[in-house]
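Student: I have a model open and want to learn how to read it. Can you take me through some features, one at a time?

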Amino acid sequence: MTRTPKINGIHHVAYRCKDAKETVEFYQRVLGMPFTVAFSEDHVPSTGEYDPYMHVFLDAGGGNILAFFELPQQPEMGKDPNTPSWVQHIAFQAPTMDDLMAVKERAEAEGLEVIGPTNHGIFKSIYFFDPNGHRLELACNTGTAEEMAELQRVAPEMLEEWSRTKKAPQHAAWLHEKARDDY
């Protein structure tokens, strides 16, 4: 019998960037993330391919690391043209609404267009783009333990219904009503 693996969390999540220095400075300035590690090689360790890169790591808090690769020898980075820009994003957790609003102020001071706060019923979010075109979300939890337990309870039923119908299940419609009440 094989051992069931245990995952302790995400070691890091890596994205591509246009300019490593500009990216690090943006995340330090706007989100207050410490720049922790950088390494660079001419050959990719896992494949041996020649592809010079700079790999930078930022501390996103709570043991979470956000990393970026600058790849100057590769064609210009792009986006999936078949996926809407609001789908692929990096979401960070703000401990309080004051922290969320402080980031909004910093982002707007950078000249960035910020959407929100948007009420999702169990958290409120703001959205903006980094210099690489990655959509960022900052979310502050507002839901109760009971609400979270109910969402967890209905999640399997919702997934099953979605899988069959490809229509939005209504098991958690109360969540959207709660969010609308905030407007």
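Student: Let's start with one residue. Which residues is glycine 143 in contact with, leaving aside its neighbours within four places in sequence?

Tutor: Two residues answer that: glycine 143 is in contact with Ile122 and Lys178. Keep in mind that this is a predicted model. Glycine 143 sits in the loop between strand S8 (135-141) and H3.

Student: Is glycine 143 buried, exposed or partly exposed?

Tutor: Read the relative accessible area. Buried means under 20%, exposed means over 50%. Glycine 143 has 29%, so it is partly exposed.

Student: How far is glycine 143 from alanine 38?

Tutor: Their C-alpha atoms are separated by 37 Å. Along the chain the two are 105 residues apart.

Student: Now zoom out. How many helices and strands does the protein chain have?

Tutor: Four helices and eight strands. Read from the N terminus, the order is β-α-β-β-β-β-α-β-β-β-α-α.

Student: What are the spans of the C-alpha trace along its principal axes?

Tutor: About 55 × 55 × 35 Å. The chain has 183 residues, and 28% of them are buried. Its accessible surface comes to about 12100 Å², with 54% belonging to carbon and sulfur atoms. For chain topology, look at contacts between residues at least 6 apart in sequence: 52% of these join residues at least 24 apart.

Student: Take helix H1. How do I check its length against its geometry?

Tutor: Use the rise of 1.5 Å a residue. H1 covers residues 20-31, twelve residues, so it should span 16 Å. Its end C-alpha atoms are 16 Å apart, which agrees.

Student: Which residues of H1 are buried?

Tutor: Ala20, Thr23, Val24, Phe26, Tyr27, Val30 and Leu31. Their arc around the axis is only 160 degrees, so they lie on the same side of H1.

Student: What happens at the ends of H1?

Tutor: At the N-terminal end, aspartate 19 is the cap. One of its side-chain oxygens lies 3.1 Å from the backbone nitrogen of lysine 21. After H1 comes glycine 32, with a positive phi near 70 degrees.

Student: Pick one residue inside H1. What does threonine 23 touch?

Tutor: Not counting residues up to four places away in sequence, threonine 23 touches Cys17, Phe68 and Asn132. Its side chain also makes a polar contact of 3.1 Å with the side chain of asparagine 132. The relative accessible area of threonine 23 is 0%, so this residue is buried.

Student: Next, rings. How many aromatic pairs are there?

Tutor: Check the distance between ring centres, then the angle between planes. The count comes to six aromatic pairs. One of them is tyrosine 27 with phenylalanine 68: 5.2 Å centre to centre, 40 degrees between the planes, hence tilted. This pair links distant parts of the chain, with tyrosine 27 in helix H1 and phenylalanine 68 in strand S4 (residues 65-70), 41 residues apart. Both residues are buried.

Student: And why is the pair of tyrosine 27 and phenylalanine 92 edge-to-face?

Tutor: Planes over 60 degrees apart count as edge-to-face. Here the planes stand at 70 degrees, with centres 6.5 Å apart, so the pair is edge-to-face. This pair too links distant parts of the chain: phenylalanine 92 is in strand S5 (residues 89-93), 65 residues from tyrosine 27. Phenylalanine 92 is buried, as is tyrosine 27.

Student: Which residues do ring pairs link into a cluster?

Tutor: Tyr15, Phe26, Tyr27, Phe68 and Phe92.

Student: Last topic: the backbone. What should I look for?

Tutor: Start from the norm. Most residues other than glycine have a negative phi, and most peptide bonds are trans. Then look for departures.

Student: Which peptide bond is cis?

Tutor: The one from glycine 116 to proline 117, with omega near 15 degrees. Proline 117 lies in strand S6 (residues 115-119).

Student: And what is the phi of lysine 166?

Tutor: Positive, about 60 degrees, although lysine 166 is not a glycine. Lysine 166 is in the loop between helix H3 (145-165) and helix H4 (173-181).

Student: Is lysine 166 buried or exposed?

Tutor: Its relative accessibility is 53%, so lysine 166 counts as exposed.

Definitions and conventions. Residues numbered from 1 in each chain as written. Predicted model: local features only at pLDDT ≥ 70, side-chain atom pairs only at ≥ 80, totals over all residues. Heavy atoms only, no water. Helix = DSSP H or I, 4+ residues; strand = E, 2+ residues; numbered from the N terminus. Expected span 1.5 Å × (residues − 1). Buried < 20%, exposed > 50% of the residue type's maximum accessible area, 1.4 Å probe, protein only. Arc of directions from axis to C-beta. Polar contact = N/O pair within 3.5 Å; in protein donor to acceptor, adjacent residues only side chain to side chain. Contact = heavy atoms within 4.5 Å. Areas by Shrake-Rupley, 256 points an atom, 1.4 Å probe, with all protein chains shown as cover. Phe/Tyr/Trp six-rings, centres within 6.5 Å; stacked < 30°, edge-to-face > 60°.
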